[in-house]
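Visitor: I am new to reading protein models. Could you take me through the terms by asking how each one is earned?
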Amino acid sequence: MAAIVVVNNNTFHLQGRESSYIMALNESGDLLHVYFGKKLKDRDYSKMRTSWHAWTAFDPDGCTLENAPQEYPSYGYTDLRPPAYLVKNGQGNCVSQLKYSGYEIYEGETPKIQGLPCVTEGNKSVSTLAIKLSDGQAGICVTLYYTVFDEYDVIVRSAVITNISNDNVEIKSAYSANIDMARTEKDIIYFSGGWAREREYVRRRLCQGEICDIANARGGSGHCINPFIMIADKAADENSGEVHGFSLIYSGNHSSRVSCDQLGNIRVQQGINPFGFSWKIGSGESFYTPQSVIVYSDNGIGGISRELHDLYRYNLCRSKWSDKPRPVLINNWEATYFDFDEEKLISIAQKAKETGIELFVLDDGWFGNRNDDRRGLGDWYVNKSKLPSGIDGLAERINDIGLKFGLWIEPEMVNPDSDLYRAHPDWAIHVPGREPAQSRSQLILDLSRKEVCDYIIKAISDLLSSANIEYIKWDMNRPMTDMPCEGYNHKYTLGFYRIMEAITGAFPNVLFEGCSGGGGRFDAGVLAYMPQIWTSDNSDAVARYKIQYSTSMGYPVSSMGAHVTASPNHQNGRQTSLETRANTAYAGIFGYELDITKMSSDEIDEVKKQVAFYKDIRHLIVSGDFYRLISPYETNYCSWCVVSKDKSEAFVFIGRVLSIADYEDQVIKLYGLSEDFDYKDVISDKIYGGDELMYMGIRPSFKTQDFASVIMHLKKI
Ligand code: DGJ
């Protein structure tokens, strides 16, 4: 099957696996949106009605663009809704009206966007349509890119604004995509939260006349609002109904703006947050927006998730680890915090090796004068009084034990109390003459400056070349302040991507894990370079029900770092069993983050079984289809399953929050299995029909205690 772009009598029809995206030109050369939904046959859609409403406020020809669904609406003419872009021209006004000026089709190609991560062809059949629009008087030309894949129901959009005037122009906003949807009752779904509560699921009805800006301007993509939203039919749920998803491949300040006009029609725009943004381009220069991935599903939210999971695993993340099983790790952070020496680390690694753990990760505190979180960031050389063998020597000792060695770094930061800051105080982001705000006693390095990026690339490359480091946890622990100019956050983000490109490109075998005070930069831009991201500093199993459940709506479980930590939990004090802590973490990139040397021999035996179990199912985590079964946002339970693509194997998790006396537990119906297969749960040795598991369901038998959980490992017999 080929991804298809059909151009037919002034209509453009993009056909994905089971979806159609249709645009049309009207007689005045405006590019109108016609449809993005279930696949349609190709017809002459130019005859179809492209305006929603006959009433007009404007003379003389009665054409009111406000009544028409558009692809990239301008400001200043007859559409009074929020525009997709705002450019101040040489005359000092922002009025423009884009008219069609041509198109090109690139078969087999995805666009390569200057300085930004973007989707790739992979082994898929793909086509890209580029439509040119321009306004000579405003001095701008806009090229809209639309990429369609044979195997997905996604359209990947971006825009390039080029200055075709002789003056400078100032871009005040430039969304990556705009879609106008005809009025029906729709819900908006987005992901709010904060530190240790990342990506909380929020769903509510859209109301006529409102504008919701699901936006973040805190520097990175943020703990509080994620650059992923959905617009769902009011009746749509996990497995049925029409849903559109919008996911931005970007790690800086973002906005997903949804407006519902006076007629109830819905406009969705996604891109760089216009707040604090401005970008001047000279004659002949262009500005490139990041890509917005727009997904269609007529089988509910789950359909959106599975499209994004596969797209991101196979056509975004360039790491060789993207669809490969990852090593089970142990991280020393919650075991020791800053209080460790070489022998303590070695004792953790030795115990870990006994259990089958494969990778030892040394977290914060190994470098410079970093004995607490107030100093040392920027000084990426080993603290010999803690680690006399150096990083190379320690890596060797860890390797001799039989484990891989990994390291934590936070290269975008500097503490004022560091050699780097003393040598280059001007390298931290600041406004001349003002004292920059500190957060966790640190400042952010100015990645808009080439020499600062070059320094980071060299320092980290030297570190990676100096020892056998096979894993890196790349942290970023504060919001951005003191930005010296408008548009600064985007300049910084481009610097971050340049560094990512250079380092992950030069060290393709290293497994990179993103992190930002937990999951504060959990986005598709980071995923392009790092196949896994630390999901949240909140590692309590029950808090993780929600965090992992809603994160999986937009991101693959193979991207979610999930660790078994100590009980009582360090973030919220909850006590849970070792069993439930592991059961919850299996649906992610599994590891331990506790002082394993303090575990009893019974606990060590349990850890051995857990590690062996994860090794048995981890191929499912990196390549299977993920189904959410019961929502912890709505019930006392949380359940999900991951099913192999050929449906022959599945991992099932069912967690309960509170135990209730004399009460029937909820029946769980599985999804994604084959009704024609019989399966054996190799944990309980029970045999079930696929139809039985999906249609009749199972009633799990929990232990009589709070926070109990049950898992199944189903294999086709
Ligand atoms: C924040 C991360 O989320 C933690 O896992 C840990 O690495 C600390 N930073 C170290 O400072």
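Visitor: Leaving aside its neighbours within four places in sequence, which residues is Ser255 in contact with?

Guide: This is a predicted model. In it, Ser255 touches Tyr175, Asp213, Ile214, Ala215, Gln269, Gln270, Gly271, Ile272, Asn273 and Pro274, not counting neighbours within four places in sequence. Contact requires heavy atoms within 4.5 Å.

Visitor: Why does Ser255 count as buried?

Guide: Its relative accessibility is 0%. Buried means under 20%, so Ser255 counts as buried. Ser255 belongs to strand 16, which covers residues 254-260.

Visitor: What makes the pair of Ser255 and Asp213 a polar contact?

Guide: The side chains of these two residues meet at 2.7 Å. The cut-off for N or O atoms is 3.5 Å, and within protein one atom must be able to donate a hydrogen and the other to accept it. The pair of Ser255 and Asp213 is therefore listed as a polar contact.

Visitor: Is His33 buried or exposed, and how do you know?

Guide: His33 has a relative accessible area of 4%. The limit for buried is under 20%, so His33 is buried. Its place is in strand 4, residues 31-38.

Visitor: Which side chain makes a polar contact with the side chain of His33?

Guide: That of Glu71, at 2.6 Å. Glu71 also appears among the residues in contact with His33 beyond four places in sequence; the others are Tyr21, Ile22, Pro69, Gln70, Ile179 and Asp180.

Visitor: Why is Ser441 called partly exposed?

Guide: Its relative accessible area is 23%. Buried is under 20% and exposed is over 50%, so Ser441 falls in between and is partly exposed. Ser441 sits in the loop between helix 5 (419-423) and strand 25 (443-444). Its phi is positive, about 60°, although Ser441 is not a glycine.

Visitor: What is the phi of Lys647, and why does Lys647 count as partly exposed?

Guide: Phi of Lys647 is near 65°, a positive value in a residue other than glycine. Its relative accessibility is 30%, which lies between the 20% and 50% limits, so Lys647 counts as partly exposed. Lys647 is in the loop between strand 32 (637-643) and strand 33 (649-656).

Visitor: How do you know that strand 34 and strand 35 pair?

Guide: Pairing needs at least two bridges. Four bridges join strand 34 (residues 678-681) to strand 35 (residues 686-689), so the two strands pair. They run antiparallel, and Asp678 stands opposite Gly689. Their hairpin has four residues between the strands, and Asp685 takes a positive phi near 65° there.

Visitor: What kind of peptide bond joins Ser567 and Pro568?

Guide: A cis peptide bond, with omega about 0°. Pro568 lies in the loop between strand 29 (560-565) and helix 10 (578-585).

Visitor: How many residues surround the ligand, and which are the closest?

Guide: The ligand is surrounded by 13 residues, and the closest are Asp363, Asp364, Lys473, Asp475 and Asp537. By class, this shell has four nonpolar, three polar and six charged residues.

Visitor: What makes the pairing of the ligand with the side chain of Asp537 a polar contact?

Guide: An oxygen atom of the ligand is 2.5 Å from an N or O atom in that side chain. The limit is 3.5 Å, so the pair qualifies. For the side chain of Arg440 the distance is 2.9 Å, and for that of Trp408 it is 3.1 Å. The protein covers 97% of the 290 Å² of accessible area that the ligand has on its own.

Notes:
Residues numbered from 1 in each chain as written. Predicted model: local features only at pLDDT ≥ 70, side-chain atom pairs only at ≥ 80, totals over all residues. Heavy atoms only, no water. Near = heavy atom within 4 Å. Areas by Shrake-Rupley, 256 points an atom, 1.4 Å probe, with all protein chains shown as cover. Nonpolar A, V, L, I, M, F, W, Y, C, P; charged D, E, K, R; others polar. Buried < 20%, exposed > 50% of the residue type's maximum accessible area, 1.4 Å probe, protein only.
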